[in-house]
Amino acid sequence: MPTVDRTAPGRLELPADELRAIATDVRRDILTMIANANSGHTGGSLSACDFLTAILFHAATIDPRNPSFDNRDFWNVSNAHISPLIYSVMAERGYFPLCELLGFRQLKGNLQGHPSAHDTPGIEASAGSLGQGLSVAIGVAMASRLDKHPRRVFCCLGDGELQEGSIWEAALSAAHYHCDNLTAIVDYNGAQIDGRVEDIIGIAPLAEKWESFNWHVLEIDGHDMDQILDALREADRLTQQPTVILAHTLMGKGWREIEDDYRWHGKPPTVDQANTALMQLGTSYDEWRERLAGSEVTA
Ligand SMILES: Cc1ncc(C[n+]2csc(CCOP(=O)(O)OP(=O)(O)O)c2C)c(N)n1
């Protein structure tokens, strides 16, 4: 049972075991909402799940019911095609009712396939065109420093996304301007839309690349909650340099049959397949869909 209100304002600093339980709920939400919509990006949503859960439920100061309050930390997901993850974490944290997840990808709905700041309160910048989110985050990091505001800025990136040249221009700037309030987290699952990242345009050796751009680099197992929390804490302590956390993950993590298979980058499970996956996560499609549908209030 949760020990605190998951939807409370502020920096929750939930312990690792509670974060693991929430990440399981988030995976259940993701599979259910994508199958319900028959559309959406399954693979990356499941791989980046643990560290985005840690950011929103442990590290970031936010107020889900008043998402634009002045003293908030800033978080964004630049590889925004993993919107099922973004929306599930937001709903579990209390930004909007869980039942809205069943409106994912519906015409004129609040939860579009690629997040829109106009449609979804709490989405800071519309995204979907890869390579832009790090620049947005750096702008916020620099502006916060000018304002003498102790804001932390968290920016999630895909590893295939790192093939965008704009990422490296942004990386140069963040180090040049000593953005030590900025933490980037790369979902290093090794897979992208149409193959293995190293076969499309290789990015290795990745740690050395970021180091040569004068970033502080941490490399972790991106599904190990203790390592995620340690890395987020270390990034917070560090001064003078921005930090990048290279989070080694598996595309599709949590549904055994699809793990590490790039063909699930953007494919939705059928309801039957989702049911199989949800059984592995201790529930069923009907049971979890009912949980979402019956929840008119936030988690
Ligand atoms: C500028 C731009 N070019 C191409 C695309 C199409 N696209 C969407 S996702 C994707 C692959 C991204 O790979 P990765 O960041 O590794 O995400 P993952 O496959 O792990 O979800 C591409 C090329 C895009 N959204 N934006």
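## Helix α9, the sheet, the core and the ligand shell

User: How do you know that helix α9 lies across β3, β6 and β7?

Analyst: Helix α9 (residues 225–237) lies over β3 (182–188), β6 and β7 (243–248), with contact taken as C-beta atoms, placed from the backbone, within 7 Å. Its angle to β6 is about 170°, on a scale from 0 to 180 degrees between N-to-C directions of axes fitted to C-alpha atoms, for helices over the stretch in contact. Elements are DSSP runs: helices H or I, at least four residues; strands E, at least two. The model is predicted, with local features needing pLDDT of at least 70 and side-chain atom pairs 80 or more, while totals for chains, interfaces and linings use all residues. Residues are numbered from 1 along each chain as its sequence is written.

User: What makes β1 and β6 edge strands?

Analyst: The five-strand open sheet has the order β1-β2-β3-β7-β6, with parallel pairing. β1 (74–77) and β6 (216–221) each have a single partner strand, so one side of each lacks a neighbour in the sheet.

User: How do you know that β1 pairs with β2?

Analyst: Pairing takes at least two DSSP bridges, and β1 has four with the parallel strand β2 (residues 153–158). Valine 77 sits opposite cysteine 156 there.

User: Which residues touch the most other members of the largest nonpolar core?

Analyst: Leu52 and Ala54 do, among 90 residues. Helix α1 (residues 16–37) contributes the most, nine residues. Beyond four places in sequence, alanine 54 touches Leu19, Ala59, Met225, Ile228, Leu229 and Leu232.

User: Which residues come nearest the ligand?

Analyst: Gly44, Gly158, Gly160, Glu161 and Gln192, of the 21 around it.

Notes. Near = placed C-beta within 6 Å. Core = buried A, V, L, I, M, F, W, Y, C linked by C-beta atoms within 7 Å. Buried ≥ 20, exposed ≤ 12 C-beta atoms within 10 Å, placed from the backbone. Contact = placed C-beta atoms within 7 Å.
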